[in-house]
Amino acid sequence: MKKNKIRTLINIFLVIIFLFSSYKIVQKIINYKKADNVYKEIQEIKDKNIEKNNETLDLSYLNKDYRGWLTINNTNINYPILQGKDNNYYLDKDINKNYLVSGSIFLDFRNNKFDDENTILYGHSMKNDTMFAQLDKFKEKEFFNENNKIVILTPEGKKLTYEVFSAYTTDVKDNYNETNFKTENEYRNFLNKIENKSIVKSKLKVIPKDKILTLSTCSYEYEGARMVVHAKLMEISQ
């Protein structure tokens, strides 16, 4: 009799675990679908704006925190860039400031738009391969060498073109996200450091007069790991 009670309790416990796990899976699917719908809608708005305004894209009317639009060739990275009062605000909010588990791509709150020596963009690495998850592609030599162009369209109508020169995994405590430097030598040392860290070695030379873009996302190699991609500003066009 006692064994039957224990068996019954175990079965009830297993059913509870199954139901909870199923709930979490369904909840995750719903969250991913919601994010897909949100970004599909905003990408349609982007395309209509570009067509109407002759390649100029200003979505500031949707949100005053809008800073530009980011695209990376041969990835699904095609998102608006926002900038909050800190680096937490847009971790779980979309361009409409509504809760969204995947959050937004956002500019470091310390950055003066794209004018600093190091402009930093953050985004989640989602399990469904969205947001900044495909930054992992830059670990592959062929992709790194053939798909290294990053483009940002600013609200002012400028097109910023960057070329990737470094990609690696590092610790969250690493200072890869410094925005400005006190001296030219300090910046030169920083550039040398991030070049040497790259998994794939680039022929592109970067010097202290250059401005760079840094893309940062979570990585799952170990606790506190970050996938980081650096790119050099190559051209500013209208």
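Me: Are Phe181 and Tyr187 buried or exposed, and how do you know for Phe181?
Reply: Both Phe181 and Tyr187 are buried. Buried means under 20% relative accessible area, exposed means over 50%, and partly exposed is what lies in between, using a 1.4 Å probe and protein chains only. Phe181 has a relative accessible area of 13%, so it counts as buried. A word on the ground rules: this is a predicted model, in which local features need pLDDT of at least 70 and side-chain atom pairs count only at pLDDT 80 or more, while totals for chains, interfaces and linings use all residues. Residues are numbered from 1 along each chain as its sequence is written, and side-chain values use heavy atoms, with hydrogens and water left out.

Me: What makes Phe181 and Tyr187 a stacked pair?
Reply: The whole structure holds 6 aromatic pairs. In the pair of Phe181 and Tyr187, the centres are 4.9 Å apart and the planes differ by 25°. Rings of Phe, Tyr and Trp (its six-membered ring) pair if their centres lie within 6.5 Å; planes under 30 degrees apart are stacked, over 60 edge-to-face, and the rest tilted. Both values of Phe181 and Tyr187 fit, and therefore the pair is stacked.

Me: And why is the pair of Phe181 and Phe190 called tilted?
Reply: Their ring centres are 4.8 Å apart, which makes a pair, but the planes meet at 40°, so the pair is tilted. Phe190 is buried too, because its relative accessible area is 4%. Ring pairs join Phe181, Tyr187 and Phe190 into a cluster.

Me: How do you know that Ser216 is buried, and where is it found?
Reply: Ser216 has a relative accessible area of 3%, so it falls in the buried class. It is found in strand 7, residues 212-218; strands (E, at least two residues) and helices (H or I, at least four) are DSSP runs, numbered from the N terminus.

Me: What joins the side chains of Ser216 and Tyr176?
Reply: They share a polar contact of 2.8 Å. The term needs a pair of N or O atoms within 3.5 Å; within protein, one must be able to donate a hydrogen and the other to accept it, and residues adjacent in sequence count only if both atoms are side-chain atoms. At 2.8 Å, the pair is therefore inside the distance limit. Leaving aside neighbours within four places in sequence, Ser216 is also in contact (heavy atoms within 4.5 Å) with residues including Leu121, Phe132 and Met227.

Me: What makes Lys139 and Glu221 a salt bridge?
Reply: The closest N and O atoms of Lys139 and Glu221 are 2.5 Å apart. A salt bridge is a side-chain nitrogen of Lys or Arg within 4 Å of a carboxyl oxygen of Asp or Glu, so the pair qualifies. Lys139 sits in the loop between strand 4 (118-122) and helix 2 (141-146), and Glu221 in the loop between strand 7 and strand 8 (225-237), 82 residues apart. Lys139 also bridges to Asp136, at 3.5 Å between the closest N and O atoms.

Me: Why are Lys139, Glu221 and Asp136 called partly exposed?
Reply: Lys139 is at 25%, Glu221 at 43% and Asp136 at 34% relative accessibility. Each value falls in the range between buried and exposed, so each residue is partly exposed.

Me: Which classes do Arg110 and Asp108 fall into?
Reply: Their side chains meet in a salt bridge, 2.9 Å from N to O. Arg110 is partly exposed, because its relative accessible area is 38%, whereas Asp108, at 0%, is buried.
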